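This report walks through the fold, the sheets, the aromatic pairs and the core of one protein. Please keep the sequence and the model in view while reading.

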Amino acid sequence: MKMFVLLAAALLTTACATVVRGTKETAKFESMPAGATVMAESISDDKLGPFTCVTPCELELKRKRDWAVVYKLDGYQPASGTLEKKVTGGGVASGAGNVIAGGIIGIGVDAGTGANLDLRPNPMIAELQPVGADLPSRVYDNDERKNKDGDDVVVLDTPKRAKNADGK
């Protein structure tokens, strides 16, 4: 009986990240201006999606896949980027929990399910430019919006001003 209890405890402590973090992550999407339609489709042979939402929004996406993301808004150039699976602090911590608990099986389960991964960048932010603008629309990581001191930099959506006949 004691052996059964120990075996049950060992099995319950395996796959910590799968249990604690799950196999999906809430991916957040933002755009400037807001109101863009986001389409996310997995980059894999068995294509998951497309999943869509309107910014600002969130989608529950599988952690073990990379995702092709496209932002579209009438009157603006589309922007696209890749939401990539990466091992980050949360996945490493969960894996360490498996090692401490002696769960070599759990490490394999977490790796197989993707529970030890995170999707990055999260949030994914698009800066959309009007059709005909000199600059292209772009997708960037929230970290790119920080200055050298780590403070948020406010990016204002300033449309191009129309020029009069004099070019002013």
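## Overall fold

Read from start to end of the sequence, the protein follows the pattern α-α-β-β-β-β-β-β-α-α-β-β-β. The secondary structure comes to four helices and nine strands, where helices (H or I, at least four residues) and strands (E, at least two) are DSSP runs numbered from the N terminus. The model is a predicted one, in which local features need pLDDT of at least 70 and side-chain atom pairs count only at pLDDT 80 or more, while totals for chains, interfaces and linings use all residues. Residues are numbered from 1 along each chain as its sequence is written, and side-chain values use heavy atoms, with hydrogens and water left out.

Of the 168 residues in the protein, 32% are buried; buried means under 20% relative accessible area, exposed means over 50%, and partly exposed lies in between, with a 1.4 Å probe and protein chains only. Among contacts between residues at least 6 apart in sequence, 66% join residues at least 24 apart, a contact being heavy atoms within 4.5 Å.

## Strand pairing

Five strands form an open sheet in the order S3-S2-S5-S6-S7, and the pairing is antiparallel; two strands are taken to pair if DSSP finds at least two bridges between them. Strand S3 (51-54) and strand S7 (118-120) stand at the edges with a single partner strand each, so one side of each is left without a neighbour in the sheet. Neighbouring strands of this sheet are turned against each other by 25 degrees on average, direction ignored, with axes being lines fitted to C-alpha atoms (for helices over the stretch in contact) and angles running from 0 to 180 degrees between N-to-C directions.

Strand S1 has pairings of its own: S1 (residues 24-32) pairs with strand S4 (residues 57-62) in the antiparallel sense over six bridges, whereas four bridges join S1 to strand S8 (residues 124-127), and these two run parallel. The table lists three pairings together with one bridge from each.

| Strands | Sense | Bridges | Bridge partners |
|---|---|---|---|
| S2 (residues 37-42) and S3 | antiparallel | four | Ala-40 and Phe-51 |
| S1 and S4 | antiparallel | six | Lys-28 and Glu-58 |
| S1 and S8 | parallel | four | Ser-31 and Ala-126 |

Where does Leu-73 lie? Leu-73 is in the loop between strand S5 (67-72) and strand S6 (79-86). Leaving aside its neighbours within four places in sequence, Leu-73 is in contact with Pro-33, Ala-34, Gly-35, Ala-36 and Leu-128. The C-alpha atoms of Leu-73 and Pro-130, which are 57 residues apart along the chain, are separated by 9.3 Å.

## The disulfide

A disulfide is a pair of cysteine sulfur atoms within 2.5 Å, and by this rule the count comes to one. The bond is formed by Cys-53 and Cys-57, whose sulfur atoms are 2.1 Å apart. The torsion about their S-S bond is about 45 degrees, so the disulfide of Cys-53 and Cys-57 is right-handed. Both Cys-53 and Cys-57 are buried.

## Aromatic pairs and the core

A search of the whole structure finds two aromatic pairs. Rings of Phe, Tyr and Trp (its six-membered ring) pair if their centres lie within 6.5 Å, and planes under 30 degrees apart count as stacked, over 60 as edge-to-face and the rest as tilted. The rings of Phe-29 and Tyr-71 have their centres 6.5 Å apart and their planes at 65 degrees, so the pair is edge-to-face. This pair links distant parts of the chain, with Phe-29 in strand S1 and Tyr-71 in strand S5, 42 residues apart. Phe-29 is buried at a relative accessible area of 0%, and Tyr-71 is buried with a relative accessible area of 0%.

Phe-51 and Trp-67 form a tilted aromatic pair, 6.0 Å centre to centre with 55 degrees between the planes. Phe-51 lies in strand S3 and Trp-67 in strand S5, so the pair ties together parts that are 16 residues apart in sequence. Phe-51 is partly exposed, with a relative accessible area of 36%, whereas Trp-67 counts as buried at 1% relative accessibility.

The largest nonpolar core, meaning a set of buried Ala, Val, Leu, Ile, Met, Phe, Trp, Tyr and Cys residues joined through side-chain atoms within 4.5 Å, has 18 residues, and those with the most contacts inside it are Phe-29, Val-38, Leu-61, Trp-67, Val-69, Tyr-71 and Leu-83. S1, S2, S4, S5, S6 and S8 each supply at least two residues of this core. Leaving aside neighbours within four places in sequence, Val-38 has contacts that include Phe-29, Phe-51, Cys-53, Cys-57, Val-69 and Tyr-71.
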